[in-house]
Amino acid sequence: MTCGHAEESQPWWVHYAANRPTAGARRTFLLGDDGPVTATEVRTSLMAVGAFVAVVVLLDSTGVLSPHAEIVVDNSAQLVGGGAAAVLCAVTSRRTRGVERAWRLLMAAGMAGWTVGQAFWSWYQVFSDTPL
């Protein structure tokens, strides 16, 4: 895996060792096309995903919604999760080469397949009122 910058022939750890942040500097993760992703950005993204999951769990398990609305929320969350996973795997595969790219593309295909299956499941469960 290379870092995606001018030193294409160097592995990521060589680039990291040469550009290690100094004390007090913000740590960076994943070097991408737009530069490094900071720890703050990773933390913010994880908090947003965690909040989304918490809201879905609360809506599904507290009895606030009707049983049909709970099914709609649950199926929608699974569609969003599968679609986001497929897209993010495909996007991050563009930043890598070789085996790193291959497994990300395979994961994107798998997540896309899961999303298509979830769409059929949701259709039958929500719109056709078919008990599954």
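Helix α4, which spans residues 98-127, holds both W123 and F127, and these two residues sit four apart, or about one turn of the helix. In this predicted model, W123 and F127 form an aromatic pair, and the structure holds one such pair. The ring centres of W123 and F127 are 4.8 Å apart, and their planes meet at 40°, which makes the pair tilted.

The two partners can also be described by how much of their surface is accessible. W123 has a relative accessibility of 48% and therefore counts as partly exposed, because the partly exposed class reaches up to 50%. F127 has a relative accessible area of 61%, so F127 is exposed.

Helix α4 also contains G113. This glycine counts as partly exposed because its relative accessibility is 42%. A look along the chain links G113 to G83: the two residues are 30 positions apart in the chain, and their C-alpha atoms are separated by 9.5 Å.

How confident is the predictor in these regions? Among the elements of the protein chain, helix α4 has the highest mean pLDDT, at 94, while strand β1, covering residues 28-32, has the lowest, at 49. For the protein chain as a whole, the average pLDDT is 81, and 73% of the residues score at least 70. Where pLDDT is low, predicted coordinates should not be read in detail. The aromatic pair of W123 and F127 lies in helix α4, the element with the highest mean pLDDT.

Conventions: Residues numbered from 1 in each chain as written. Predicted model: local features only at pLDDT ≥ 70, side-chain atom pairs only at ≥ 80, totals over all residues. Heavy atoms only, no water. Phe/Tyr/Trp six-rings, centres within 6.5 Å; stacked < 30°, edge-to-face > 60°. Buried < 20%, exposed > 50% of the residue type's maximum accessible area, 1.4 Å probe, protein only. pLDDT = per-residue confidence, 0-100.
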